[in-house]
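Thanks for coming. I will go through one structure today, starting with the core and ending with the ligand.

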Amino acid sequence: MRSRTVYQLVTDRFARSSSTTSTCDPGAREYCGGTWSDISSQLSYIRGMGFDTIWVSPIVANIGGTTGEGEAYHGYWTLNPEQLNSNFGSETDLQSLASAVHAAGMYLIVDVVINHVAATSSSTFSPSDSYGPFSASDDFHKFCWIDDYSNQTDVEQCWLGDTSVALPDLDTESSVVIDYWNTWITSLVSNYSIDAIRIDTVKHIRQTFWPGFASAAGVYCVGEVLDGDATYVSSYQNTSVNPFNYPIFYPLVRAFNSTSGNIGDLVTMAASVKSSFQDPTLLGSFLNNHDNPRFENYTSDQALIMNAHAYPFVTDGITFAYYGSEAGFSGGNDPYNREPLWTSNYDTSSTMYQYFASLNAARSAAGNASSTFYTNQMTLSQPSDSVLQIVKSPLISLLTNVGSSGSASSVSISSSTSSWSANQVIVDAVTCTTLTTDSSGNLAVAFDSGKPRVLIADSQKGSLCANGTS
Ligand code: ABC
Ligand code: CA
């Protein structure tokens, strides 16, 4: 899994048949018509950017109709885990998607929601047969809202959601519920040939639940522990679920969302991540996802956007990118960050599409050149206020937040840091230009309009920049 880079998509919004023409307004929170078979038809668009794994929205049957918060187009409002969400297609369609993904040399990640189901009632909720395996009141924790996030028992046993859509909290201490979920995940992974799972709301279930579940899944598990504290989030990795790197996410956004961002805080957080987590190279590394405003919502400066997006590709962890970044989407908070991709016409010539292709090519060149690239931990430093240096051998990256009209002073990468020799040719994956070390093996690197530099020895570049300067 470590060598993979993941493209996260929202099934309802990624691709739909050309015969469906209704307007898709994210603010309306309605189903727009995206399906599994339409994803199958657009795999080459994703593969062409260099991603070799897709993560699709939750697949099970959700509550129907509309609510005070719209329809269940995102897939997180489970009704019956025994059935599929028919808006996205049939069992055959999902199996065909898995086959198409594998035929393209890719992996399939499915999102799973274990903590709760959904309902339009809360204090009066009483499960009916439509909840499939969870039709008894005993399958649920007694109703209470999570009011105090500092009380871990409340976080685990009270309910998420609100009076419009409550998320009745399953009693994951009950052996009936535990056994059901463990059996369910084993068969789901096998029925649909799933390669890895993304687990929702991990911190809302006691930690001792997860090792059994992860072992029943038998595949790489990446999980959402939505918290900015490295110590708190790191404790979940010991349960076999690899968290997304939310601790880095917040200082990453703040470092690059303006030309006065603080890179020092990011360096400090990376050090905490390194000291707290059992293995930082197995975390899910991301900039955008479906739950936060897109980075592009904070700034329209193309150089800042490129620098921020480089981070998950050139650092420790498994790289996750969110659909629409390549199309320049800039939606804010949920639901505005779930735009329909078809409006972009799947343009493969856009600057950002090509940029993601370059980042993926740089990451795989580094992995091909060194067997320890994915497992060795990076070293971060700050050569100047506005520059972040990332050494993850054989890749060395320089990110800057000076912006497209700023100028960062050049940085010298010493031979002792890079292990590059005298007069060695180095290629920058971002521009496909070359630089040459001096007679001592040191490299002076200047910046071009605030763009990042992603450097690797020319002898290790493989097919990176095969088409010359981009
Ligand atoms: C719906 C509407 C939204 C509306 C919302 C109230 O209700 O669509 O417009 O704003 C799904 C859908 C959503 C839907 C929700 C609720 O269901 O996708 O559109 O929102 O009905 C996961 C998923 C998410 C999914 C669900 C539910 C859970 O990724 O897509 O949402 O299955 C908590 C959970 C987290 C969950 C999130 C929505 O709520 O922990 O798993 N996401 C603090 C808390 C967090 C909390 C977060 C947001 O606030 O600690 O636990 O997340 O409420 C950092 C701190 C953090 C802090 C953050 C904000 O700041 O360190 O602790 O997080 O600095
Ligand atoms: Ca719970």
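Let me begin with the largest nonpolar core, which has 137 residues. Inside that core, I54 and A362 have the most contacts. Helix α11, residues 302-314, gives the largest share of the core, nine residues. At least three core residues come from each of domain 1 (5-369) and domain 2 (379-460). Before going further, please keep in mind that this is a predicted model.

A362 is worth a look here. Leaving aside neighbours within four places in sequence, A362 is in contact with L395, A429, V454, I456 and L464.

Now the domains. The protein chain is divided into domain 1, residues 5-369, and domain 2, residues 379-460. Taken over C-alpha atoms, the centres of domain 1 and domain 2 are 33 Å apart. How many residues of each domain are in contact with the other? The count is 26 residues of domain 1 and 25 residues of domain 2. On the domain 1 side, at least two residues each come from α9 (246-256), α10 (263-276), α11 and α12 (351-369). The largest share of that side is supplied by α11, with eight residues. So far, then, α11 has come up twice: it gives the largest share of the core and the largest share of the side of domain 1 that touches domain 2. By class, the domain 1 side has 18 nonpolar, seven polar and one charged residues.

Next, the annotated positions. These come from an unreviewed UniProt entry, which places the feature "active site" at D200 and E224. The two span 25 residues in sequence, but their C-alpha atoms are no more than 5.4 Å apart, so they gather at one spot.

D200 is in the loop between β8 (196-199) and α7 (210-217). Is D200 buried or partly exposed? D200 has 19 C-beta neighbours inside 10 Å, and 20 are needed for buried, so D200 counts as partly exposed. Not counting residues up to four places away in sequence, D200 touches Y76, D111, V112, V113, N115 and E224.

E224 sits in the loop between β9 (220-223) and α8 (230-234). With 21 C-beta neighbours inside 10 Å, E224 counts as buried. Beyond four places in sequence, the contacts of E224 are I199, D200, T201, V202 and F244.

The unreviewed UniProt entry also has a "binding site" feature, listed at N115, E156, D169 and H204. These positions are spread over 90 residues of sequence but cluster in space, with a largest C-alpha distance of 8.9 Å.

Take N115, in the loop between β5 (107-112) and α5 (152-157). N115 is buried, because 22 other C-beta atoms lie within 10 Å. With residues up to four places away in sequence not counted, N115 touches D169, L170, D200, T201, H204 and I205. Among them, D169 and H204 are also listed under "binding site", and D200 under "active site".

E156 is found in helix α5. E156 counts as partly exposed, with 19 C-beta neighbours inside 10 Å. Apart from neighbours within four places in sequence, E156 is in contact with H204, I205 and R206.

Last, the ligand. Which residues are closest to ligand 1? They are H74, Y76, T201, L226 and G228, out of 22 that surround ligand 1. The shell around ligand 1 divides by class into eight nonpolar, five polar and nine charged residues. Of the closest residues, Y76 is also one of the contacts of D200, and T201 is one of the contacts of E224.

Technical notes
Residues are numbered from 1 along each chain as its sequence is written. Chains are lettered from A and ligands numbered from 1 in the order in which they are written. This is a predicted model: local features need pLDDT of at least 70, side-chain atom pairs count only at pLDDT 80 or more; totals for chains, interfaces and linings use all residues. A residue is near a molecule or strand if its C-beta atom, placed from the backbone, lies within 6 Å of it. Ala, Val, Leu, Ile, Met, Phe, Trp, Tyr, Cys and Pro count as nonpolar, Asp, Glu, Lys and Arg as charged, and the others, Gly among them, as polar. UniProt positions are given in the numbering used here, feature names are shortened, and annotations may be inferred rather than shown by experiment. Helices (H or I, at least four residues) and strands (E, at least two) are DSSP runs, numbered from the N terminus. A residue is buried if 20 or more other C-beta atoms lie within 10 Å of its own, exposed if 12 or fewer, and partly exposed in between; C-beta atoms are placed from the backbone. Two residues are in contact if their C-beta atoms, placed from the backbone, lie within 7 Å. A nonpolar core is a set of buried Ala, Val, Leu, Ile, Met, Phe, Trp, Tyr and Cys residues joined through C-beta atoms within 7 Å. Domain bounds come from an automatic or database domain assignment.
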